[in-house]
Amino acid sequence: MRFFITLFILLGLTACAKPVPADKAAFVGEWKSSEMTLHITQDGHVDYKRSVGSGSKSVSAPLQGFNGDSFDVGIGAMSTSFIVTSPPHQDGTAIKMTVDGVELTKAP
């Protein structure tokens with residue numbers, strides 16, 4: 001029974017995701033730093049994990065939409081904003097962006 005409840009919740013979360021718009025396609029992919037990982041799928045799902053001291057924070061939820069280069073993730077009142085101060089850009093041989101003050105590099 002617990003399996004079906006979990007499956008129902010996961011399907012509901014996926015159904016609420018907004019696909020990444022074509023003009024934001026550069027955001028899609030896996031982004032990493034020593035303290036943070038961020039994975040954004042084309043169909044609008046976001047997985048985030050950040051090490052904070054001896055603990056960590058994580059979010060796995062649908063994309064609600066973009067506000068400029070920043071974006072919101074979650075469902076209704078249970079949402080969080082990711083502040084992008086430097087959108088995806090080429091830096092030498094790497095593609096980087098800065099989210100919530102952390103410079104991330106796109107995984108190949």
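These legends describe close-up views of a predicted model of one protein chain.

**View 1. The whole chain combines one helix with nine strands.**
Along the sequence, the elements follow the pattern α-β-β-β-β-β-β-β-β-β. The chain has 108 residues, and 33% of them count as buried. It exposes about 6600 Å², with carbon and sulfur atoms supplying 59% of that area. Take the contacts between residues at least 6 apart in sequence: 35% of these join residues at least 24 apart.

**View 2. Nine strands build an open, antiparallel sheet.**
The strand order is β6-β5-β4-β3-β2-β1-β9-β8-β7. Why do β6 and β7 each have one side without a neighbour in the sheet? Strands β6 (78–82) and β7 (84–91) stand at the edges with a single partner strand each, so one side of each stays unpaired in the sheet. From one strand to the next, the twist averages 25 degrees.

**View 3. Strand β1 sits between β2 and β9 in the sheet order.**
Strand β1 covers residues 29–32. Towards β2, four bridges join the antiparallel pair. E30 stands opposite H39 of β2 on this side. The β1 to β2 connection is a hairpin through three residues. Towards β9, two bridges join strands that again run antiparallel. There, W31 stands opposite K106.

**View 4. Side chains alternate along β2.**
M36, L38 and I40 point to one face and are buried. T37 and H39 point to the other face and are not buried. Five bridges link β2 to β3, and the two strands run antiparallel. M36 has R50 of β3 as its bridge partner.

**View 5. The β2–β3 hairpin has four residues between its strands.**
G44 takes a positive phi near 95 degrees in this hairpin. T41 also lies in the loop between β2 and β3. The side chains of T41 and D43 are joined by a polar contact of 2.4 Å. Which residues does T41 contact once its neighbours within four places in sequence are left aside? They are V20 and V28.

**View 6. The largest nonpolar core holds 20 residues.**
L38, I40, L63, F71, V73, V99 and L104 touch the most other members. Six strands each supply at least two residues of this core: β2 (36–40), β3 (45–52), β4 (55–67), β5 (70–75), β8 (94–99) and β9 (102–106). In soluble globular proteins, nonpolar side chains tend to be buried together. Two core residues of β2, L38 and I40, point to the buried face of that strand.

**View 7. F71 is among the core residues that touch the most other members.**
Its neighbours within four places in sequence are left aside here. F71 then contacts L38, I40, L63, G65, F66, T80, S81, F82 and V84. Of these, L38, I40 and L63 are also among the core residues with the most contacts to other members.

**View 8. Strands β5 and β6 pair in the antiparallel sense.**
Five bridges hold this pairing. D72 has S81 of β6 as its bridge partner. S81 is also one of the residues in contact with F71. Strand β6 (78–82) is at an edge of the sheet and has a single partner strand.

**View 9. D100 lies in the loop between β8 and β9.**
The two strands form an antiparallel pair over four bridges. T98 has E103 of β9 as its bridge partner. The hairpin has two residues between the strands. What is the phi of D100? Its value is near 50 degrees, which is positive in a residue other than glycine. D100 is partly exposed, with a relative accessible area of 28%.

**View 10. Q90 is found in edge strand β7.**
Is Q90 buried or exposed? Its relative accessibility is 52%, so Q90 counts as exposed, the cut-off being over 50%. The side chain of Q90 has polar contacts with two backbone oxygens. The oxygen of G92 lies 3.1 Å from a polar atom of that side chain. The oxygen of A94 is reached at 3.4 Å. Q90 and K106 are 16 residues apart along the chain, and their C-alpha atoms are separated by 10.0 Å.

Note on methods. Residues numbered from 1 in each chain as written. Predicted model: local features only at pLDDT ≥ 70, side-chain atom pairs only at ≥ 80, totals over all residues. Heavy atoms only, no water. Core = buried A, V, L, I, M, F, W, Y, C linked by side-chain atoms within 4.5 Å. Buried < 20%, exposed > 50% of the residue type's maximum accessible area, 1.4 Å probe, protein only. Contact = heavy atoms within 4.5 Å. Pairing = 2+ DSSP bridges. Axes fitted to C-alpha atoms, helices over the stretch in contact; angles between N-to-C directions. Areas by Shrake-Rupley, 256 points an atom, 1.4 Å probe, with all protein chains shown as cover. Polar contact = N/O pair within 3.5 Å; in protein donor to acceptor, adjacent residues only side chain to side chain.
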